[in-house]
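Morning, everyone. I'll take a few minutes to walk you through a structure that is new to most of you. Have a look at it first.

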Amino acid sequence: MTDITLAPIQPDQPSHLMATYGRQAISFVRGRGAYLYTEDGTEYLDALTGIAVCGLGHAHPVIAEAIAEQAATLVHTSNLFEIPWQTAAAQKLAEVSGMEEIFFSNSGAESNEGAIKIARKFGTQQGVRLPKIIVAEQSFHGRTLATLSATGNKKVQDGFAPLVNDFIRVPFGDVEAIQEAALQHPDIVAILIEPIQGEGGINTAPQGFSYLEEVRNICNQHNWLMMLDEIQTGNGRTGKYFAYQHTNIVPDVLTTAKGLGNGFPVGAVMTQGKAVGLLGPGSHGSTYGGTVLGSRVVYTVIDTIQKENAVENAAVVGRYIVDQLRAKLADKNVQVRGFGMMIGIQLPKDCAELVAIARDQHKLIINVTAGSVVRLLPPINMTQAQADDLLERLVTLINSYL
């Protein structure tokens with residue numbers, strides 16, 4: 001193996017990277033499970049896992065072995081040819097999702113782009129000239145032009161007008177608003193929502209997951225496609241393989257990414273029922289979607305999640321973390337919400353500065369979203385001992401802040 005050592009970046013050294021990220025002044029050189037390490041060996045507990053990406057933790061040996069073996073064998077041939085690992089990965093994903101057709105993309109945004117195209121194709125086939133899609137306020141669906149337009153966050157949309165038209169926005173969880181939109185817009189063909197709004201602050205609907213059942217009924221009533229964005233909530237994150245499985249419904253279109261590749265960039269858009277067959281040869285594609293390497297990673301990640309009972313672990317340990325946080329912070333006027341390993345702690349004031357305090361003083365990696373919500377996205381296979389480590393650091397942090 002070639003030994004390449006990168007020289008340290010000097011403070012006055014110019015960077016050729018576009019300044020699209022407000023990066024923290026720290027870098028990590030290796031990881032293992034729930035922990036990250038800097039060059040000098042300092043250990044950090046990672047309760048963010050690449051923003052819900054490394055669900056099985058860092059450098060999982062089974063995933064690493066599969067990547068190394070496949071990279072040394074065959075990485076890419078293109079979708080002009082049969083790809084046995086892609087077929088096998090699709091079979092695995094169909095088994096855990098309950099969907100029928102699967103298209104592999106490279107990211108969550110691309111998966112949601114695929115869902116939007118499917119909705120428009122469906123509408124066109126129904127004779128709708130300008131198909132419209134209902135989306136939710138405070139949602140986040142990606143940063144491509146169409147997914148940015150679907151996103152319910154004016155801050156991330158600023159400067160990119162004109163946006164893609166024909167998205168109708170309603171408050172998250174408001175069934176009456178959906179019904180009202182149906183009366184006002186006869187050309188609606190689909191609704192695209194997140195079961196839990198991650199970027200929006202770990203928001204659950206007031207009625208819980210029964211909201212999805214109500215939306216399913218409305219879609220059936222109006223012959224709309226029910227499309228769920230499970231980019232963040234999928235792959236075991238909420239204590240079910242997909243969050244909609246907390247209910248008895250099945251969406252027509254399902255998107256996912258993040259934990260699907262445990263750090264390898266891959267996504268998927270899936271269909272069942274009346275959404276099957278809407279995209280055919282020439283109507284959609286991707287040069288890198290479903291490569292040999294990416295497909296083997298997907299297969300291996302799903303297989304490992306199943307063999308380690310990681311989804312069940314996320315449910316049990318996640319509930320433990322939530323219960324402990326509620327008990328230990330009972331006098332702090334905070335609200336703890338979420339399912340599985342997708343947890344939000346709503347503080348009574350803005351707390352963006354906690355990210356740096358947690359990192360520097362407690363060696364803890366967290367995220368703050370929606371201004372005042374501490375977001376936790378630990379590995380779904382986190383042990384209870386690691387959960388206790390997380391609780392000790394986090395409770396100390398919040399107690400000293402409030």
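Start with the second largest pocket. Helix H3, strand E4 and strand E10 each supply at least two residues of its lining. Keep in mind that this is a predicted model. Which element gives the largest share of that lining? E4 does, with four residues. The space in this second largest pocket comes to about 650 Å³. Its lining counts 27 residues, and the closest to the centre are Gln86, Ile102, Phe103, Phe104 and Leu279.

Now the sheet behind those strands. Seven strands make up an open sheet. The order runs E4-E10-E9-E8-E7-E5-E6, and the pairing is mixed. Where are the edges? They are strand E4, residues 101-105, and strand E6, residues 167-170. Each of these two pairs on one side only. Neighbouring strands here are turned by 20 degrees against each other on average, with direction ignored.

Back to H3, which covers residues 84-97. Helix H3 packs on this sheet and touches E4, E9 and strand E10, residues 267-271. The direction of H3 makes about 120 degrees with that of E4.

One pairing inside the sheet deserves a stop. Strand E8, residues 225-229, and strand E9, residues 253-256, run parallel. Three bridges join them. For a residue to look at, take Met227, which stands opposite Val253 in E9. As a reminder, strands of a sheet pair through backbone hydrogen bonds, either parallel or antiparallel.

That antiparallel case brings me to another sheet. This one is open too, with four strands in the order E11-E12-E15-E14. Its pairing is antiparallel. Why do E11 and E14 each have a side without a neighbour in the sheet? Both stand at the edges with a single partner strand, so one side of each is left without a neighbour. E14 spans residues 367-369. From one strand to the next, the twist averages 25 degrees.

Let's go through two pairs in it. Strand E11, residues 335-339, is joined to strand E12, residues 342-346, by five bridges. Val336 has Ile345 in E12 as its bridge partner. E11 and E12 form a hairpin, with two residues between them. Look at Gly340 in that turn: its phi is positive, about 55 degrees. Then there is E14 with strand E15, residues 373-376, paired over three bridges in the antiparallel sense. Here Val368 faces its opposite number, Val374 in E15.

Next, enclosed space. How many cavities of 30 Å³ or more are there? The count is one. The volume of the largest cavity is about 30 Å³. Its lining is made by Pro195, Thr204, Ala205, Gly208, Phe209, Tyr211 and Phe339.

Last, the cysteines. How many disulfides does the structure hold? Zero. Are Cys54 and Cys351 buried or exposed? Cys54 has a relative accessible area of 11%, so it counts as buried, the cut-off being under 20%. Cys351 is buried as well, with a relative accessible area of 0%.

To take away: the lining of the second largest pocket draws its largest share from E4, and E4 is also an edge strand of the seven-strand sheet. That's it from me. Over to you.

How values were computed: Residues numbered from 1 in each chain as written. Predicted model: local features only at pLDDT ≥ 70, side-chain atom pairs only at ≥ 80, totals over all residues. Heavy atoms only, no water. Pairing = 2+ DSSP bridges. Axes fitted to C-alpha atoms, helices over the stretch in contact; angles between N-to-C directions. Contact = heavy atoms within 4.5 Å. Disulfide = S-S within 2.5 Å. Buried < 20%, exposed > 50% of the residue type's maximum accessible area, 1.4 Å probe, protein only. 1 Å grid on protein atoms, 1.4 Å probe; cavity = no way out; pocket = protein on both sides within 12 Å on 5 of 7 lines; lining within 4 Å. Points joined across faces, edges and corners; volume = space filled by probe spheres on them.
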